[in-house]
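Open the model in your viewer and keep the sequence panel beside it. The tour goes from one selection to the next and says what is there at each stop.

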Amino acid sequence: MIQRNEANAIIQHGTMTLIRRSALAEVGGWSEWCITEDAELGLRLLAAGWNSLYVPNSFGRGLLPSDFNAYKTQRFRWTYGAMQILRRFGPELLGLRKSRLRMPQKYHFLAGWMPWLADAVGFIFTLAAGVWTVTMIIFPDQFGPPIELFLIPVLVVFVLRQLRDWILYAVRVKCSLRNSLYAAIAGQSLKYTIARAVLTSVFKKNMPFQKTRKQWSFLSPFQALMTSVTETSMFLAISCILVGFCLHCDLSDTTNILWIFILIIQTMPYLTSFLMACSDALSRRRMT
């Protein structure tokens, strides 16, 4: 937020936001077609020439999602809404249509949402990697893993991304190593939800607004576990494919070892989602 403030490129959030009445009236008020109406309004205000300001002080406190399923619902809405905005204002952000937005503003909006598109691409890659691995198991003489030139960058990017997040949490948030680990698990657990939102936006253009539950929900421990049934199934499927590949491949081959690490990385979002659901279920068991 501090960096975006320097470029007058704040992605507006609804909580603790103050908007000039004259500015709101000039751009036509809130939009009802977008389920992240706060961010959409902020972009229109900037495009109309208004300035945004981020104040790094806490003036109030909001409520967090009450459970893992509510957490997923909130992130799905944020992602789907961002895709709605990109569909509507993409040409302006990409410089294909005239706009009063400056280049740094366009950059920060695109940079803020591109990681979510990357999660959708990652999901497609996971499906492709699973199918390719099964093919290698069935036809080992005809099919093999991609060459190391393609595998090593994938591993390096994954490691660097995790290091970046850990360093940012340590320097900016100043939380403990344990809480940084929890944050990494929580972030990984939403990757499938984000990918689903991005892909849903391609086929469904008007998803209804889903309110994020922020009061204690009386879900049973079993119901809490079931909130990640799809992710758990994906984790088990990839794990079975991984075990099958290990049993059939030559473990002395460096390329095969690299491919095994690639498959392990693909399980992370689904394993962490299962762990989040387990944590939710355990907390509910203690409350009963």
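Select S228, which sits in the loop between α9 (221-226) and α10 (229-248). Helices here are DSSP runs of H or I with at least four residues, strands are runs of E with at least two, and both are numbered from the N terminus. This is a predicted model, in which local features need pLDDT of at least 70 and side-chain atom pairs count only at pLDDT 80 or more, while totals for chains, interfaces and linings use all residues. Residues are numbered from 1 along each chain as its sequence is written, and side-chain values use heavy atoms, with hydrogens and water left out.

Is S228 buried or exposed? S228 has a relative accessible area of 0%, so it is buried. The cut-offs are under 20% relative accessible area for buried, over 50% for exposed, and in between for partly exposed, with a 1.4 Å probe and protein chains only.

Now show what surrounds S228. Apart from neighbours within four places in sequence, S228 is in contact with F68, K72, S273, F274 and A277. Contact means heavy atoms within 4.5 Å. Add Y270 to the selection: its C-alpha is 8.4 Å from that of S228, although the two are 42 residues apart in sequence.

Go next to K72, in helix α4 (residues 68-93). K72 is buried too, with a relative accessible area of 9%. Its contacts, again leaving aside neighbours within four places in sequence, are L190, T193, T227, S228 and E231.

E231 leads into α10, where E231, T232, M234, F235, I238, L242, G244 and F245 are buried. Colour these residues and look at what lies against them: the buried residues of α10 pack against α4, α5, α8 and α11. An α-helix has 3.6 residues a turn, so residues three or four places apart point the same way.

Move to α6 (residues 148-173), a helix of 26 residues. From first C-alpha to last, α6 reaches 37 Å, close to the 38 Å expected at 1.5 Å a residue. The expected span is 1.5 Å times one less than the number of residues. Within α6, L151, L155 and Q162 are buried. Which helices do the buried residues of α6 pack against? They pack against α7 (177-189) and α11 (254-287). Just after α6, select K174, which takes a positive phi of about 55°.

The last stops are charged pairs. Side chains of opposite charge can pair when their charged atoms come close. A salt bridge is counted when a side-chain nitrogen of Lys or Arg is within 4 Å of a carboxyl oxygen of Asp or Glu. By this rule there are six salt bridges.

- Select R164 and D165: their side chains meet in a salt bridge of 2.9 Å, N to O. R164 is partly exposed at 43%, and D165 is partly exposed at 26%.
- Select E92 and R97: the closest N and O atoms of this salt bridge are 3.0 Å apart. E92 counts as buried at 14% relative accessibility, whereas R97 counts as partly exposed at 41%.
- Select K191 and D119: the closest N and O atoms of this salt bridge are 3.0 Å apart. K191 lies in helix α8 (residues 191-203) and D119 in helix α5 (residues 103-138), so the pair ties together parts that are 72 residues apart in sequence. K191 counts as buried at 17% relative accessibility, and D119 counts as buried at 10%.
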